[in-house]
Amino acid sequence: MAIARVSSKTVVVGGLVIATVWLGIALVLRLVRNPQTDDAIVTADVIDVVPLVSGTITELHVADNETVKQGDLLFTVDPRPYEFAVERARGDVAALDGEIEVTERKIEGQRDAVEAAKAAVRRAEAQVKNATDSLGRMEPLLAKEFVTPDKIDQARTTKLTAEAGRDEARRKLDQATEDVGTLASLRGKRASAQAALGKAELDLGYCYVRAPFDARVVNLHTAIGQFVGPGPAAVFSLVDARAWYVIANYRETELARITPGMEAEVFVMTDPSHHFRGTVQGIGSAVNPEDGPIAPGLPKIQRELQWVHIAQRFPVRIRVERPEPPEIFRVGASAVAIIRTQAPVRLAERAR
């Protein structure tokens, strides 16, 4: 009887040991096939909201941690100086339009006068040429007394008279065509004034700062009356609520089994009861090592002691599908990521 009891206990203990061993093997295989890490955080794209014009805030339509939709008015910079600039630019354009209209009418009325002046110049130039040629033929004959000095003087006078007539005709032509050059100059000034008007209208539009996408307002610490302007200091930030990601830091020894497009499971610690599907978007190509030179712009991830070798971790970016309810997702929240290496997701299938 005692032997039977001992045998039964031995069987039970042996069964528990075997079950434990098999359970451990199954767990190891599962972790090998589906890399898992709790060294993960929730993140999203974040932009700083900085106005493109300077001035005081006259309207503030949002509060910290408020959700906004694309196109919602966030705040208004005092638009009055920019409204005055628009009116001044419009006045400059209108004044030039008036000058151009008057000049065009004047040119239209002088069109015949210009043609007549051109004809007069051509006639005068022909007379100068004839007078010059005649003088050139007569001067060699004076030494041989084939012509008298009076004839030479008369020819010279004729040439001078023709040159004076030519110069007068050219002056009248220049005067007649002067308005054409004035018109071209006025049109150039109008183009510049129109550009100034466009810039003034653009600056006026910049006074009304709107949400570029669906987002959450964060880090809002300002009020009406605050002076703001272009520069490094942001009024507040916007978290892009259209897409959420989990940055999961995996050991370098696990990266060989992870490729972009693989399916992932995500649990967010703000509410672990919810389960989310995701897709591996990319694997980090560089980090700042703890014992190496720091490169600006690279993430710094602490190493992990793994047996006798310190394993480096690299970030794996996972895009979360259907991040709902949205209040679960907060930038910086802890998460757990499991990558299903046996069930890759094709990008084309996801697109369909």
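**Exercise 1. Classify Glu201 by its relative accessible area and find its salt-bridge partner.**

Step 1. In this predicted model, Glu201 has a relative accessible area of 36%. Buried means under 20% and exposed means over 50%, with partly exposed in between. Glu201 is therefore partly exposed.

Step 2. The partner of Glu201 is Arg90, and the closest N and O atoms of the two are 3.5 Å apart. A salt bridge needs a side-chain nitrogen of Lys or Arg within 4 Å of a carboxyl oxygen of Asp or Glu, and the pair is counted as one.

Step 3. Place the two residues in the chain. Glu201 belongs to helix α4 and Arg90 to helix α2; with their positions 111 residues apart, the pair links distant parts of the chain.

**Exercise 2. Determine which residues form a network with Arg90, and contrast the spacing of Arg90 and Glu87 with that of Lys199 and Asp203.**

Step 1. Arg90 is partly exposed, at 41% relative accessibility. The side chain of Arg90 also meets that of Glu87 in a salt bridge, at 3.4 Å from N to O.

Step 2. Arg90 and Glu87 are about one helical turn from each other, because they lie three residues apart in helix α2.

Step 3. In helix α4, Lys199 and Asp203 are four residues apart, so about one helical turn separates them too. Their side chains form a salt bridge of 2.7 Å, N to O. Lys199 is partly exposed at 47% relative accessibility, whereas Asp203 counts as buried at 15%.

Step 4. Through shared partners, salt bridges join Glu87, Arg90 and Glu201 into one network. The whole structure has 11 salt bridges.

**Exercise 3. Identify the residues of the nonpolar surface patch that includes Tyr206.**

Step 1. Tyr206 is placed in helix α4 and is partly exposed, at 30% relative accessibility.

Step 2. Leu52, Leu202 and Tyr206 make the patch, which covers about 270 Å².

**Exercise 4. Describe the largest nonpolar core and the elements that build it.**

Step 1. The largest nonpolar core consists of 33 residues. Val68, Leu74, Phe75, Phe236 and Leu238 have the most contacts inside this core.

Step 2. Two or more residues each come from β5 (73-77), α2 (80-109), α4 (149-206), β7 (215-218) and β9 (236-240). Helix α2 gives the most, with eight residues.

Step 3. Follow one member outward. Leaving aside residues up to four places away in sequence, Leu74 touches ten listed positions, among them Val49, Leu60, Val68, Phe236 and Leu238.

Step 4. A further core lies apart from this one; it has 28 residues, including Val246, Met262, Val280 and Ala333.**Exercise 5. Work out the strand order of the open four-stranded sheet and name its edges.**

Step 1. The order is β2-β9-β7-β4, and the pairing is antiparallel.

Step 2. An edge strand pairs on one side only; here the edges are β2 (46-49) and β4 (67-68).

Step 3. Look at one edge. The antiparallel strands β4 and β7 are joined by two bridges. Thr67 stands opposite Arg216, a residue of β7.

**Exercise 6. Decide whether Leu220 is buried or exposed, and locate its contacts.**

Step 1. Leu220 lies in the loop between β7 and β8 (227-228).

Step 2. The relative accessibility of Leu220 is 10%, so this residue counts as buried.

Step 3. Beyond residues up to four places away in sequence, Leu220 touches Val62, Ala63, Asp64, Val235 and Phe236.

Step 4. The C-alpha atoms of Leu220 and Asn65 are 8.1 Å apart, although 155 residues separate the two along the chain.

**Exercise 7. Find the backbone features at Asn65, Arg322 and Pro325.**

Step 1. Most residues other than glycine have a negative phi, and most peptide bonds are trans. The residues below depart from one or the other pattern, as their values show.

Step 2. Asn65 has a positive phi, near 70 degrees. Asn65 sits in the loop between β3 (55-60) and β4 and is exposed, with a relative accessible area of 58%.

Step 3. Arg322 also has a positive phi, near 50 degrees. Arg322 is placed in the loop between β15 and β16, and at 68% relative accessibility Arg322 counts as exposed.

Step 4. Pro325 is found in the loop between β15 (313-320) and β16 (334-344). The peptide bond that joins Glu324 and Pro325 is cis, with omega about 0 degrees.

Technical notes:
Residues are numbered from 1 along each chain as its sequence is written. This is a predicted model: local features need pLDDT of at least 70, side-chain atom pairs count only at pLDDT 80 or more; totals for chains, interfaces and linings use all residues. Side-chain values use heavy atoms; hydrogens and water are left out. A nonpolar core is a set of buried Ala, Val, Leu, Ile, Met, Phe, Trp, Tyr and Cys residues joined through side-chain atoms within 4.5 Å. Buried means under 20% relative accessible area, exposed over 50%, partly exposed in between (1.4 Å probe, protein chains only). Contact means heavy atoms within 4.5 Å. Two strands pair if DSSP finds at least two bridges between them. Patches are made of residues with over 30% relative accessible area and no salt bridge: like charges are joined within 9 Å, nonpolar side chains (Val, Leu, Ile, Met, Phe, Trp, Tyr) within 5 Å. Accessible areas come from the Shrake-Rupley method with a 1.4 Å probe; for residues, only the protein chains shown count as cover.
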